Amino acid sequence: MSASRAALRAMREDVQSLDIRDVTANWVNAAVLESQIEQRIKALADLSHTPLFFGRLDYLHTTQEGQRFYIGRRHVHDGDGDPMVIDWRAPVSQPFYRASRKDPQDVGLRRRFGYTGGDLTAYEDEHLTDPTEREQTSKLLQAEIERPRVGPMRDIVATIQPEQDEIVRSGLTGTVCVQGGPGTGKTAVGLHRVAYLLYAHRERLARTGTLVIGPNRSFLHYIEQVLPALGELEVKQATVDDLVAHVEVRGADAADAAVVKGDARMAEVLRRAVRSHVVVPTEPVMVVRGSRRWRIPAYELEEIVAELLARDIRYGAAREALPQRIAHAVLVRMEEAGEAPDDRVQDAVARNPAVKAAVKAVWPAVDPAKLVLRLLSDAEFLAAHAEGVLSEDEQRTILWQKPARSVKSAKWSAADAVLIDEANDLVQRTHSLGHVVLDEAQDLSPMQYRAVGRRCSTGSATVLGDLAQGTTPWATASWAEALSHLGKPDAAVEELTAGFRVPREVIAYASRLLPHMSPGLAPVSSVRETPGSLVVREAADLDAAAVRACEEALAHEGSTGLIAADARVPSLRSALESAGLPCLAPGDETTAASRLTLVPASLAKGLEYDYVVLDDPMSIVTAEPDERTGLRRLYVALTRAVSGLTVLHGGELPKQLG
């Protein structure tokens with residue numbers, strides 16, 4: 001360990017000592033090289049609390065018999081260039097995650113290392129080819145999974161399971177959808193898949209880009225340190241709202257309006273509305289060049305316009321092509337008259353004032369935001385383009401009661417911004433990335449799936465979610481439907497059913513809700529049995545009971561989350577402050593001195609705490625517009641605990657909990 005840390009320090013010093021003055025032709029090259037060197041130095045940072053390696057493989061029959069490899073988060077080599085630590089993503093590291101007694105994969109010994117505060121304190125050996133050694137659960141592996149969670153989410157590179165590793169190492173060209181219940185590690189799998197793809201296809205993804213999409217800022221803040229810890233510093237993160245931020249969102253829709261606006265049928269309404277701006281030509285175009293006049297009759301213009309419409313290309317691309325088509329028709333006439341025009345003449349004709357005027361009249365520019373503004377404000381315009389697509393009731397549902405006067409004054413909702421993004425793509429193609437990871441995907445509307453799909457139309461995606469945790473009125477009913485809207489209908493759907501985070505007693509309690517909210521979904525089977533991890537307590541004074549339960553939880557090592565219905569948060573915050581218990585908000589980083597977070601149930605998804613105190617389950621259920629959504633919200637809240645869950649209730653518990 002000491003030698004590898006010294007070697008990593010030498011690698012970093014080598015990069016810092018590089019002199020680029022004699023190898024750069026100009027200041028641009030110098031700036032690019034300096035930026036690359038800075039990124040390389042950052043990637044070679046030695047984090048004192050993060051061990052360089054966590055495992056060792058002793059092979060039986062490699063090129064050198066008995067060859068030994070240390071497996072770690074990044075590659076480290078000595079002064080001669082020989083590897084000291086092998087990157088976990090390298091092919092030679094794969095048996096660390098996949099080898100078993102049934103299939104040892106030429107591994108004689110697999111060693112796991114245990115650490116305390118970055119110091120190597122233990123190790124555990126498995127002799128995979130020794131028939132006399134009894135197979136048993138790794139205590140170090142279990143200790144790593146159960147290690148107290150303080151601070152942001154950490155990587156699982158030392159504890160990746162075989163079924164997770166198969167997903168992590170699947171190829172770049174195909175899209176993968178991972179259905180995983182609480183605690184199955186689907187988020188970590190998605191992030192480690194990004195790290196693996198960047199290792200295996202670095203040049204390609206450096207050109208095309210990668211993006212991680214999460215449900216909210218709190219979630220993104222929670223996961224933001226995972227990829228840098230694995231040496232990947234360039235992956236961008238965003239929410240769906242960030243992707244479609246063409247206008248400022250200042251309003252909110254009623255649930256029924258949001259459902260209609262998020263329906264995939266709105267794409268057809270928008271397509272019709274955009275194309276309605278095209279006008280059939282009725283006048284000829286007369287182009288004057290020198291002493292000659294060239295006339296393109298209206299019927300020929302109509303044929304050109306009809307051809308462009310039939311090709312169904314982007315509205316803006318067709319508008320750019322139209323002057324060139326008209327100019328080409330003029331050039332044909334010039335050639336027939338004995339002239340020999342070239343491309344420069346065609347470009348000049350395309351810029352002719354008469355041609356420009358014709359294009360403006362026939363194929364006018366369309367502003368996507370103004371188009372959506374008109375659709376939501378003008379009942380006649382909406383009816384004309386929604387006929388046969390939306391019912392009259394649905395049209396009335398999405399029409400604004402008080403039409404806005406301008407794009408800036410409109411109180412746009414999040415669903416409106418997605419509509420503008422769709423319209424924007426109809427006008428001009430959205431840039432596609434090489435790979436996109438979409439987490440908590442079950443909560444997206446069909447139109448939001450389309451917005452994400454546009455960002456990876458020529459690339460691939462990793463879709464992560466749990467149908468049982470869909471808590472929006474428009475939550476997807478099936479992955480087949482979601483992937484169709486995403487534009488990836490042929491994606492492979494993988495299911496993770498082994499739970500590693502939530503104790504068996506807790507997940508069994510939460511799973512009582514499944515038949516009532518997501519019938520047909522298999523419950524998670526937890527590998528961790530933790531007696532005493534579930535406490536259900538009735539209390540006359542919920543605020544006082546919550547304070548007492550938080551104090552009990554804080555007596556243990558690790559983080560504590562107090563989860564409650566959103567309306568209960570102010571009262572609970574006041575009670576905690578009165579008791580001298582300062583609390584963090586979701587997304588704030590926990591520290592050794594500040595380990596209690598007060599979490600509204602609406603923001604609990606994707607977060608995890610060592611101990612969870614759940615306030616009044618019934619108030620969480622009744623806060624939602626319908627029972628199914630309320631039960632799903634409660635299911636999410638019940639499954640945030642790693643070591644212990646205390647459920648507090650003042651009245652009746654939801655009957656579905658038994």
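About 920 Å³ of space lies in the second largest pocket of this predicted model, and that makes a handy place to start looking around. In all, 35 residues line the second largest pocket, and those closest to its centre are Ala414, Asp443, Gln448, Thr472 and Trp474. Several elements each give at least two residues to this lining: strand β8 (210–214) and the helices α10 (240–243), α11 (255–261), α20 (414–427), α21 (446–454) and α28. Helix α20 supplies the largest share, three residues.

## The whole protein

Now step back for the wider view. The protein has 658 residues, and 52% of them are buried. Its secondary structure adds up to 28 helices and 21 strands. If you lay a box along the principal axes, the C-alpha atoms fill roughly 95 × 70 × 45 Å. Take the contacts between residues at least 6 apart in sequence: 73% of these join residues at least 24 apart.

## A sheet of six strands

One open sheet has six strands, in the order β9-β8-β12-β13-β7-β14, with parallel pairing. Which strands stand at its edges? They are β9 (236–239) and β14 (492–496); each has a single partner strand, so one side of each has no neighbour in the sheet. From one strand to the next, the twist averages 20 degrees.

At the β9 end, four bridges pair β8 with β9 in the parallel sense. You can find Val212 standing opposite Gln237 in β9. Helix α6 (residues 186–200) packs on this sheet and touches β7 (176–180), β8, β12 (435–438), β13 (460–465) and β14. Helix α22 (residues 479–486) packs on the sheet too, touching β7, β13 and β14.

## A sheet of five strands

Further along the chain there is an open sheet of five strands, ordered β17-β21-β20-β18-β19 and paired in parallel. Here β17 (534–538) and β19 (596–600) are the edge strands; each has a single partner, so one side of each is left without a neighbour in the sheet. The twist of this sheet averages 20 degrees from one strand to the next.

Strands β18 (residues 560–564) and β20 (residues 609–615) run parallel and are joined by four bridges. Ile563 is a good residue to look for, as it stands opposite Leu614 in β20. Helix α25 (residues 542–554) packs on the sheet, where it touches β17, β18, β19, β20 and β21 (641–649). Helix α28 (residues 627–638) also packs on this sheet, touching β18, β20 and β21. Helix α28 turned up earlier as well, among the elements that give at least two residues to the pocket lining.

Here is how the four packed helices are set against a strand of their sheet:

| Helix | Strand compared | Angle between directions |
|---|---|---|
| α6 | β13 | about 165 degrees |
| α22 | β13 | about 145 degrees |
| α25 | β21 | about 160 degrees |
| α28 | β20 | about 140 degrees |

## Nonpolar cores

What about the inside? The largest nonpolar core has 84 residues, of which Leu270, Leu322, Val349, Trp412 and Val452 touch the most other members. Helix α14 (residues 315–336) brings the largest share of this core, 10 residues.

Which residues does Leu270 contact, leaving aside neighbours within four places in sequence? They are Leu371, Val372, Leu375, Leu419, Glu422, Ala423, Leu426 and Met447. A second core, separate from the largest one, holds 75 residues, including Met153, Val189, Leu197 and Ala510.

## Two residues with positive phi

Most residues other than glycine have a negative phi. Two residues here are worth a look on that score. Gln105 has a positive phi, near 55 degrees, and is not a glycine. You'll find Gln105 in the loop between α3 (95–98) and β5 (107–116).

Glu440 is not a glycine either, and its phi is positive at about 50 degrees. This residue sits in the loop between β12 and α21. Are these two residues buried or exposed? Gln105 is partly exposed, with a relative accessible area of 26%, while Glu440 counts as buried, at 3% relative accessibility. The cut-off behind that is simple: a residue is buried under 20% relative accessible area and exposed over 50%, so a value in between is called partly exposed.

Conventions. Residues numbered from 1 in each chain as written. Predicted model: local features only at pLDDT ≥ 70, side-chain atom pairs only at ≥ 80, totals over all residues. Heavy atoms only, no water. Pairing = 2+ DSSP bridges. Axes fitted to C-alpha atoms, helices over the stretch in contact; angles between N-to-C directions. Contact = heavy atoms within 4.5 Å. Core = buried A, V, L, I, M, F, W, Y, C linked by side-chain atoms within 4.5 Å. Buried < 20%, exposed > 50% of the residue type's maximum accessible area, 1.4 Å probe, protein only. 1 Å grid on protein atoms, 1.4 Å probe; cavity = no way out; pocket = protein on both sides within 12 Å on 5 of 7 lines; lining within 4 Å. Points joined across faces, edges and corners; volume = space filled by probe spheres on them.
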